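Reader: Could you take me through this model, beginning with the ligand and then turning to the sheet?

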Amino acid sequence: MPTDVLTADRLAADLPTRWLGRPAHVFDSLPSTNTCWLEQARQDAAEGTLAVADVQTAGKGRLGRVWQSPPGAGLLFSLLFRPAPPITPGQVMMAVVGVVDGLAAHLGVAPRLKWPNDILLDGAKLAGLLGESTTGDDGQLVVVIGCGLNVNLDPADFPPPPLGGTPATSLLVALGRPVERVPLLYALLLGIETRYDALRAGQSPYADWRRLCATLGQAVTAQGVDGVIEGVAEDVAEDGSLLVRQADGTLVSVAAGDVTLRRTAARG
Ligand code: ATP
């Protein structure tokens, strides 16, 4: 796909957003787009600044896990925000829902979510988001939100799913055709910008995030440092936690930062 080249000029040419993605920095390769902004945050990178990389040599998932994507096939980007403190769960929720909005608007697909921050298409993992924060030299809060989205990966590019974990998919696999990355990135940025503006105006993304959550109703096993919780995922709370109903009837709140979630294998 010769036209599918990411350059800062190409990105800036028709960027539809008012402030998000301005300026945009495009890298052939970075260890991690999130780490790039966490380091830059100590300097004066403006709110909305975008980093996009064709490949990451140390792409990050939650809990120190790795996000893998071959060069040129995915969209790997991070956005820097400078919200008024405190950090809130809505800051990552708005980005997750914004990416879903962008995918729906641009491609007519209807993604769902795997709690807390994975985007599913046809029940398989299309994208993962990761929110991290730091304090700038000026003492201001900096929130960095990264997204890895499988655009033109083919099945040979997917990492093997962990035992009981979610298999991967890409837009190429789901739609049966390659998708050009720059117009797609425009749609995602527009989706996120709209949600962030709404959040700043007091509109929480929680209700939409909850409605999209495909994990609800599933039998799950949450593995955390404090042990394992098994039960049925009954709801998500406004603070981003998952409420799991255990076999003895008790409802346990599981915090997003702490656990690996797997669907519980059927026993028989
Ligand atoms: P899991 O899906 O294993 O429960 P998670 O929801 O915490 O993990 P992340 O930490 O966001 O997900 O992503 C890291 C995990 O995603 C890796 O452990 C790997 O299993 C999987 N993964 C890595 N690269 C990709 C990719 N390109 N597409 C889909 N899944 C990936």
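**Reading the ligand site and the sheet**

Reader: Which residues are closest to the ligand, and how many surround it?

Author: A residue counts as near when one of its heavy atoms lies within 4 Å of the molecule. In this predicted model, 15 residues surround the ligand, and the closest are Arg62, Arg65, Lys114, Asp118 and Lys125.

Reader: Where does the ligand sit, and how much of its area does the protein bury?

Author: The ligand occupies the largest pocket. Polar contacts are read as pairs of N or O atoms within 3.5 Å; among them, a polar side-chain atom of lysine 114 lies 2.7 Å from a ligand oxygen, while an N or O atom in the side chain of arginine 262 is 2.8 Å from an oxygen atom of the ligand. For asparagine 150, a side-chain N or O atom is 2.9 Å from a nitrogen atom of the ligand. Taken alone, the ligand exposes 610 Å², of which the protein buries 93%.

Reader: What is the strand order of the open sheet, and why is one side of E11 and of E12 left without a neighbour?

Author: The five strands run in the order E11-E10-E9-E8-E12, and their pairing is antiparallel. Strand E11 (251–254) and strand E12 (260–263) stand at the edges with a single partner strand each, so one side of each has no neighbour in the sheet. From one strand to the next, the twist averages 45°.

Reader: How many bridges join E10 and E11?

Author: Strand E10, residues 242–245, pairs with E11 in the antiparallel sense over four bridges, and arginine 245 has leucine 251 of E11 as its bridge partner.

Methods. Residues are numbered from 1 along each chain as its sequence is written. This is a predicted model: local features need pLDDT of at least 70, side-chain atom pairs count only at pLDDT 80 or more; totals for chains, interfaces and linings use all residues. Side-chain values use heavy atoms; hydrogens and water are left out. Two strands pair if DSSP finds at least two bridges between them. Helices (H or I, at least four residues) and strands (E, at least two) are DSSP runs, numbered from the N terminus. Axes are lines fitted to C-alpha atoms, for helices over the stretch in contact, and angles run from 0 to 180 degrees between N-to-C directions. A polar contact is a pair of N or O atoms within 3.5 Å; within protein, one must be able to donate a hydrogen and the other to accept it, and residues adjacent in sequence count only if both atoms are side-chain atoms. Accessible areas come from the Shrake-Rupley method with a 1.4 Å probe; for residues, only the protein chains shown count as cover. On a 1 Å grid over the protein atoms alone, a cavity is a set of points where a 1.4 Å probe fits but cannot get out, and a pocket is an open set with protein on both sides within 12 Å along at least five of seven lines; lining residues have an atom within 4 Å of a point. A molecule sits in a cavity or pocket if more than half of its atoms lie within 2 Å of its grid points.
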